[in-house]
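Colleague: Could you take a close look at one part of this model, the sheet and the helices that pack around it, and describe in a connected way how the pieces are arranged?

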Amino acid sequence: MHIPSMKEVVTPEEWQLRCDLAACYRLIAHYGMSDLVFTHISAKLPASITGGAEQFLINPYGLLFDEITASSLVKVDMQCNKLHETPFPVNPAGFTIHSAVHAVRPDVVCVLHTHTRAGVAVSAQKQGVLPISQQSTFVLASLAYHDYEGVAFRADEGPRLQKDLGSANFLMLRNHGLLTCARSVADAFLSMYVFESTCRIQVDALAGQQGMDGLTPVPQAIVDGTAESMRVQTGGMGGQFVWPTMLRQLDRRDPSYKT
């Protein structure tokens, strides 16, 4: 008896989103931004598929990011309840931050959260992100901060996180890590790549320094014009400008994410 594959039972639109999200997990692992099985990347399914219900794709808890495939991604609701048969567990506690963002940002399709060494290091620095690199100017153009309240599994933290995030697309979780949110998986990945690069550069630049002494800041006028610079640099395409290149890289190395 033929058992339908995931690709056969979902719409082409959902399958494409699954492939993009699985690719994003693989790329985060490839660029050294994963944390074993911890942290998540979520993607909201469009209303054309769900009929208006809030449904999301998220990683099966317990798999390394470089093991995740389009078929293994789990479809959940806002409470992280599984919406289809799957042998994989999910981690409701880990979805707390993601559900809080999705609840107040209808413009957001993808929420990407990391616990990288450099990201946590800068999140612990009182001054936060410093305007000392070209990369930092893109982050500073849309950056918010949220103070640490312990491991993020309490629902009552949600409203405070939502207020702190506001309309920003980059969120620094103090003493915790980094978060990006965007209208597509491609945009969320590109934003996190820039965010992580910003933090790595800052950690290196501050080694042996006392604050900003000895560093050259980027003028505020340049920071203020960064949004337009990004639009020009990507031809208005945002993350989609580099996404096909990233997928070609994955396809050459290991195309199994599309299974």
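Modeller: In this predicted model, Tyr145 of strand E5 stands opposite Met172 in E6, and the two strands E5 and E6 pair in the parallel sense over 4 bridges. Helix H7 belongs to this arrangement as well, since E5, H7 and E6 make a right-handed β-α-β unit. On its other side E6, residues 170-173, meets strand E7, residues 177-182, and here the pairing is antiparallel, again described by 4 bridges; within it, Phe170 stands opposite Thr180 in E7.

These pairings are part of an open sheet of 7 strands, which follow one another in the order E3-E2-E1-E4-E7-E6-E5 with mixed pairing. Its edges are formed by strand E3 (74-76) and strand E5 (143-146), each of which pairs on one side only. Averaged over the sheet and with direction ignored, neighbouring strands are turned by 20° against each other.

Turning to the helices on the sheet, H7 packs against it by touching E5, E6 and E7, and the direction of H7 makes about 155° with that of E5. Helix H8, residues 185-206, lies across strand E1 (41-44), strand E4 (110-114), E5, E6 and E7, and runs at about 150° to E7.

H7 has a helical neighbour too. The axes of helix H4 (residues 96-104) and helix H7 (residues 158-165) come within 9 Å and cross at roughly 55°, an angle that falls outside the ranges for parallel, antiparallel and perpendicular pairs, so that H4 and H7 are oblique to each other. The crossing in which H4 passes H7 is right-handed. On the side of H4 the contact is made by Ile97, Ala100, Val101, Ala103 and Val104, and on the side of H7 by Gly158, Leu161, Gln162 and Leu165. Divided by class, the residues of the contact of H4 with H7 are 7 nonpolar and 2 polar, with no charged residue among them.

H8, for its part, meets helix H2 (residues 12-30): the axes of H2 and H8 come within 10 Å and cross at roughly 15°, which makes H2 roughly parallel to H8, given that angles under 35 degrees count as such. H2 passes H8 in a right-handed crossing. The residues in contact are Leu17, Asp20, Leu21, Cys24, Leu27 and Ile28 of H2, together with Val185, Phe189 and Met192 of H8. By class, the contact of H2 with H8 consists of 8 nonpolar residues and 1 charged residue, and has no polar one.

H2 also packs with helix H11 (residues 243-253), at an angle of about 75° and with the two axes 11 Å apart; H2 and H11 are therefore roughly perpendicular to each other. This contact involves Asp20, Ala23, Cys24, Arg26, Leu27 and His30 of H2, and Trp243, Met246, Leu247, Gln249, Leu250 and Arg253 of H11. The contact of H2 with H11 has 7 nonpolar, 2 polar and 3 charged residues. Asp20, Cys24 and Leu27 of H2 are thus named in the contact with H8 as well as in the contact with H11.

Key. Residues are numbered from 1 along each chain as its sequence is written. This is a predicted model: local features need pLDDT of at least 70, side-chain atom pairs count only at pLDDT 80 or more; totals for chains, interfaces and linings use all residues. Side-chain values use heavy atoms; hydrogens and water are left out. Axes are lines fitted to C-alpha atoms, for helices over the stretch in contact, and angles run from 0 to 180 degrees between N-to-C directions. Angles under 35 degrees count as roughly parallel, over 145 as roughly antiparallel, 65 to 115 as roughly perpendicular and the rest as oblique. A crossing is left-handed if the near helix is turned anticlockwise from the far one by less than a right angle, and right-handed if clockwise. Contact means heavy atoms within 4.5 Å. Ala, Val, Leu, Ile, Met, Phe, Trp, Tyr, Cys and Pro count as nonpolar, Asp, Glu, Lys and Arg as charged, and the others, Gly among them, as polar. Two strands pair if DSSP finds at least two bridges between them. A crossover is right-handed if, with the strands pointing away from the viewer, the path from the first strand over the helix to the second runs clockwise.
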